[in-house]
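The following paragraphs lead the reader through one protein model, from its overall make-up to the surroundings of a single residue. Please keep the sequence and the structure in view while reading.

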Amino acid sequence: MKYFFSMFFLIIQTSNYEALELNDYIEKINNGYQIIDVRTQSEFAHGHIPSAINLDFYDSTFVTEINKFSKNEPVLIYCHSGNRSQKTGIIMDSLGFNKVYDLKGGYLVWNP
């Protein structure tokens, strides 16, 4: 993982994490990849991407639960706007996941 500092932002670059635009993300869904929704249970209950599994980013068991997924298969993640899922991507990269795809803009772009 590489860190780049600018005047106001810390930009994290990793080879295992990639944020995708909606159309590219949908293409990955069609490939049958694992999908993890990292929003709260309440957010998930109000709508979610079909086949997504809900793991609340704020839950104390979050990292333990994420670590149960296959690290060798690509994983799709998303949250409400992209903030929690970006943090999740960094966590998953540090846990050794091979490929993590995030929905750029989160569920807001899925269901505007």
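Of the 112 residues in this protein, 37% are buried. The model is a predicted one, with a mean pLDDT of 89 and with 87% of the residues reaching 70 or more. Residues 1–11 require caution, as pLDDT stays under 50 over this stretch. For residues 1–11 the model has 16 contacts beyond four places in sequence.

The secondary structure comprises five helices and seven strands. Along the sequence these elements follow the pattern β-β-β-α-β-α-β-α-β-α-β-α. Contacts also link distant parts of the chain: among those between residues at least 6 apart in sequence, 65% join residues at least 24 apart.

The description now turns to the sheet. Five strands form an open sheet with parallel pairing, in the order E3-E7-E6-E4-E5. E3 and strand E5 (53–54) are the edge strands, each pairing on one side only. In general, the strands of a sheet pair through backbone hydrogen bonds, in either a parallel or an antiparallel arrangement.

Strand E6 (75–78) offers a useful point from which to examine the pairing. Three bridges join E6 to E7, and the two strands run parallel. Within this pairing, Val 75 has Val 100 of E7 as its bridge partner, while Ile 77 stands opposite Asp 102 in E7. E6 also pairs with E4, again in the parallel sense, over four bridges; here Ile 35 has Leu 76 of E6 as its bridge partner. From E6 the chain crosses through H4 to E7, and this β-α-β crossover is right-handed.

Which way do the side chains of E6 point? Val 75 and Ile 77 point one way from the strand, whereas Leu 76 and Tyr 78 point the other way. Residues on both sides are nevertheless buried, for this holds for Val 75, Leu 76, Ile 77 and Tyr 78 alike.

The connecting helix, H4, covers residues 83–95. At 1.5 Å a residue, its 13 residues should span 18 Å, and the end C-alpha atoms are 19 Å apart, which agrees with that expectation. H4 lies across E3, E4, E6 and E7 and runs at about 145° to E6. The buried residues of the helix are Arg 84, Ser 85, Thr 88, Gly 89, Met 92 and Asp 93. What covers these residues includes the strands E3 (17–20), E4 (34–37), E6 (75–78) and E7 (100–103), together with the helices H2 (41–45) and H3 (62–66). After H4 comes Gly 96, which has a positive phi, near 100°.

A final position to consider is Ile 49, which is found in the loop between H2 and E5. Is Ile 49 buried or exposed? Its relative accessible area is 0%, and Ile 49 is therefore buried, since the cut-off for a buried residue is a relative accessible area under 20%. Beyond its neighbours within four places in sequence, Ile 49 is in contact with Tyr 25, Ile 29, Ile 35, Tyr 78, Leu 103, Tyr 107 and Trp 110. Two of these names have appeared already: Ile 35, the bridge partner of Leu 76, and Tyr 78, one of the buried residues of E6. Another, Tyr 107, is 58 residues from Ile 49 along the chain, yet the C-alpha atoms of the two are separated by 8.1 Å.

How values were computed. Residues numbered from 1 in each chain as written. Predicted model: local features only at pLDDT ≥ 70, side-chain atom pairs only at ≥ 80, totals over all residues. Heavy atoms only, no water. Expected span 1.5 Å × (residues − 1). Buried < 20%, exposed > 50% of the residue type's maximum accessible area, 1.4 Å probe, protein only. Contact = heavy atoms within 4.5 Å. Pairing = 2+ DSSP bridges. Axes fitted to C-alpha atoms, helices over the stretch in contact; angles between N-to-C directions. pLDDT = per-residue confidence, 0-100. Right-handed = clockwise from strand over helix to strand, strands pointing away.
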